[in-house]
Amino acid sequence: MKTKENSKIFYITALCVVVTAGLIISTLIRSHRPSRGRPYERLSVEDARMYMSYEPEYLILDVRDHSAYEAGHLDDAVNIEYDSLVEKADDVLKNRSVMVYVYGETSQQSCAAAQKLTDIGYNSVSEIGSYRDWTVVETETETEGILTNVLG
């Protein structure tokens with residue numbers, strides 16, 4: 001009888017620990033701490049790749065012009081040109097609470113796009129540099145599955 005009771009206590013305790021750990025991890029993943037002095041977060045390629053590996057839902061936004069996007073882009077990235085970002089954001093991005101990773105032709109362009117998104121009410125925005133930043137890291141690490149090069 002004592003063993004059966006101890007076994008129940010053990011399983012209930014283990015279940016509580018697992019549920020608590022899951023809630024803590026979920027809270028940490030969903031928490032968003034913008035970079036100092038900015039309403040959005042600036043991430044290195046390595047950090048962005050790490051967050052994307054466990055983020056349950058996110059969107060990658062390419063704000064370069066359409067021809068640059070067609071020449072090559074990050075896998076699963078959607079394209080909204082920087083100049084039409086405000087007008088088209090809600091139609092393409094749909095959910096204002098999902099994490100949006102933004103990159104552009106330059107870091108300045110992606111920072112400006114991230115600022116625009118936060119200005120119009122998107123609350124989970126991370127600027128992840130330029131497309132070139134990603135191609136340099138891709139070449140250095142020799143990994144696959146990050147870039148889509150339409151031309152070959």
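So, helices here are DSSP runs of H or I with at least four residues, strands are DSSP runs of E with at least two, and both are numbered from the N terminus. With that, the elements of the chain, read from the N terminus on, go α-β-α-β-α-β-β-α-β-α-β-α-β. That is six helices and seven strands.

Quick housekeeping. This is a predicted model, so local features need pLDDT of at least 70 and side-chain atom pairs count only at pLDDT 80 or more, while totals for chains, interfaces and linings use all residues. Residues are numbered from 1 along each chain as its sequence is written, and side-chain values use heavy atoms, with hydrogens and water left out.

Let me start with the chain as a whole. I call a residue buried under 20% relative accessible area, exposed over 50%, and partly exposed in between, using a 1.4 Å probe and protein chains only. On that scale, 34% of the 152 residues in the chain are buried. Contact means heavy atoms within 4.5 Å. Take the contacts between residues at least 6 apart in sequence: 66% of them join residues at least 24 apart.

Now the sheet. Two strands pair if DSSP finds at least two bridges between them. What is the strand order? It is an open sheet of five strands, β1-β6-β5-β2-β4, with parallel pairing. At the edges stand β1 (41–42) and β4 (77–79), each with a single partner strand, so each has one side left without a neighbour in the sheet. As a reminder, strands of a sheet pair through backbone hydrogen bonds, either parallel or antiparallel.

Have a look at β2. Strand β2 (residues 58–62) runs parallel to β5 (residues 99–104), and five bridges join them. I60 has Y101 as its bridge partner in β5, and D62 stands opposite Y103 in β5. Going the other way, three bridges join β2 to β4, again parallel, and there I60 stands opposite A77. So I60 turns up in both pairings, with Y101 in β5 and with A77 in β4. Is β2 covered or open? Mostly covered: four of its five residues are buried.

Just before β2, there is E55, in the loop between α2 and β2. E55 counts as buried, at 11% relative accessibility. The C-alpha atoms of E55 and M99 are separated by 8.4 Å, though the two residues are 44 apart along the chain.

On to the helices. In α2 (residues 45–54), the buried residues are V45, A48 and M52. Seen down the axis of α2, they fall within an arc of 65°, so they line one face of the helix; the arc is that of the directions from the helix axis to the C-beta atoms.

Helix α4 gives a similar kind of list. L85, A89 and L93 are buried there. Down the α4 axis these fall within an arc of 45°, so they too line one face. The face turned away from that buried side carries the exposed residues E87 and D91. What covers the buried residues of α4? The cover includes β2 and α5.

That brings us to the α4/α5 packing. Axes are lines fitted to C-alpha atoms, for helices over the stretch in contact, and angles run from 0 to 180 degrees between N-to-C directions. The axes of α4 (residues 85–93) and α5 come within 10 Å and cross at roughly 70°. That makes the two helices roughly perpendicular, a label that covers 65 to 115 degrees, with under 35 roughly parallel, over 145 roughly antiparallel and the rest oblique. From α4, L85, V86, A89 and L93 meet A113, K116 and L117 in α5. Helix α5 (residues 107–119) also lies across β1, β2, β5 and β6 (125–130), at about 165° to β6.

Now the backbone oddities. Most residues other than glycine have a negative phi, and most peptide bonds are trans. Which residues go against that on phi? One is K94, with a positive phi of about 60°. K94 sits in the loop between α4 and β5, and at 65% relative accessibility K94 counts as exposed. Another is D76, with phi near 65°. D76 is in the loop between β3 (73–74) and β4, and D76 is exposed too, at 73%.

Last, cysteines. How many disulfides does the structure hold? Zero, taking a disulfide as a pair of cysteine sulfur atoms within 2.5 Å. C16 is partly exposed at 45%, whereas C111 is buried at 12%.
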